[in-house]
Amino acid sequence: MFWNSVMFTLIGLVIGGFIGFYFTRKQFEKQLKENPPINEKMIRAMFLQMGRKPSEAQIKQIMKSMNANR
């Protein structure tokens, strides 16, 4: 009787883990789709909105610092 309850608990934990993983992955993919990570094109657009013409070195430096902070 005791082992049955242990087995049901373990099976429930495994099934719950798989279900949680699946829904978490779907939510993460949805968030990435709605809010894509910043890229060089977005950095250029931000500089142009501020009235500045960015150099390629500035863009590379910003990308490098953003990737280092991840």
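User: Why is tyrosine 22 called partly exposed in this model?

Analyst: In this predicted model, tyrosine 22 has a relative accessibility of 42%. Buried would require a value under 20% and exposed a value over 50%, so tyrosine 22, at 42%, counts as partly exposed.

User: What makes phenylalanine 23 exposed or buried?

Analyst: The relative accessible area of phenylalanine 23 is 55%, and because the word exposed applies over 50%, phenylalanine 23 is called exposed.

User: How many aromatic pairs does the structure hold, and what makes the pair of phenylalanine 2 and tryptophan 3 edge-to-face?

Analyst: The structure holds two aromatic pairs. In the pair formed by phenylalanine 2 and tryptophan 3, the ring centres are 5.3 Å apart and the planes stand at 70° to each other. Centres within 6.5 Å make a pair, and planes over 60 degrees apart make it edge-to-face, so both conditions are met by 5.3 Å and 70°. Both partners, phenylalanine 2 and tryptophan 3, are exposed.

User: How do you know that tyrosine 22 and phenylalanine 23 form an edge-to-face pair?

Analyst: For tyrosine 22 and phenylalanine 23, the centre-to-centre distance is 5.3 Å and the angle between the planes is 75°. The distance falls within 6.5 Å and the angle is over 60 degrees, which means that this pair, too, is edge-to-face.

User: What elements does the chain have, and how many helices and strands are there?

Analyst: The chain has three helices and zero strands, and from the N terminus on, its elements run α-α-α.

User: Why is the chain called more spread out than a compact globule?

Analyst: The globule rule gives 11 Å for 70 residues, whereas the radius of gyration of the chain is 23 Å, which is well over that value, so the chain is described as more spread out than a compact globule. Taken along the principal axes, the C-alpha atoms fill a box of roughly 75 × 20 × 15 Å. Of the 70 residues, 7% are buried, and the chain exposes about 6,400 Å², of which carbon and sulfur atoms supply 67%.

User: Where is lysine 41 found, and what makes it exposed or buried?

Analyst: Lysine 41 is found in helix α2. Its relative accessible area is 67%, and since exposed means over 50%, lysine 41 is exposed. Its C-alpha atom is 9.2 Å from that of isoleucine 59, although the two residues are 18 residues apart in sequence.

User: Why is methionine 42 called partly exposed, and which residues does it touch?

Analyst: Methionine 42, which is found in helix α2, residues 40–49, has a relative accessible area of 33%. That value is neither under 20% nor over 50%, so methionine 42 is partly exposed. Not counting residues up to four places away in sequence, methionine 42 touches Pro36 and Pro37. Its C-alpha atom is separated by 10.0 Å from that of isoleucine 59, which is 17 residues away along the chain.

User: How do you know whether lysine 26 is buried, exposed or partly exposed?

Analyst: Lysine 26 lies in helix α1, residues 2–34, and has a relative accessible area of 39%. Because 39% lies between the limits of 20% and 50%, lysine 26 is partly exposed. The C-alpha atoms of lysine 26 and isoleucine 15 are separated by 17 Å, with their positions 11 residues apart along the chain.

Key. Residues are numbered from 1 along each chain as its sequence is written. This is a predicted model: local features need pLDDT of at least 70, side-chain atom pairs count only at pLDDT 80 or more; totals for chains, interfaces and linings use all residues. Side-chain values use heavy atoms; hydrogens and water are left out. Helices (H or I, at least four residues) and strands (E, at least two) are DSSP runs, numbered from the N terminus. Buried means under 20% relative accessible area, exposed over 50%, partly exposed in between (1.4 Å probe, protein chains only). Contact means heavy atoms within 4.5 Å. Rings of Phe, Tyr and Trp (its six-membered ring) pair if their centres lie within 6.5 Å; planes under 30 degrees apart count as stacked, over 60 as edge-to-face and the rest as tilted. The radius of gyration is taken over C-alpha atoms; the globule rule is 2.2 Å times the number of residues to the power 0.38. Accessible areas come from the Shrake-Rupley method with a 1.4 Å probe; for residues, only the protein chains shown count as cover.
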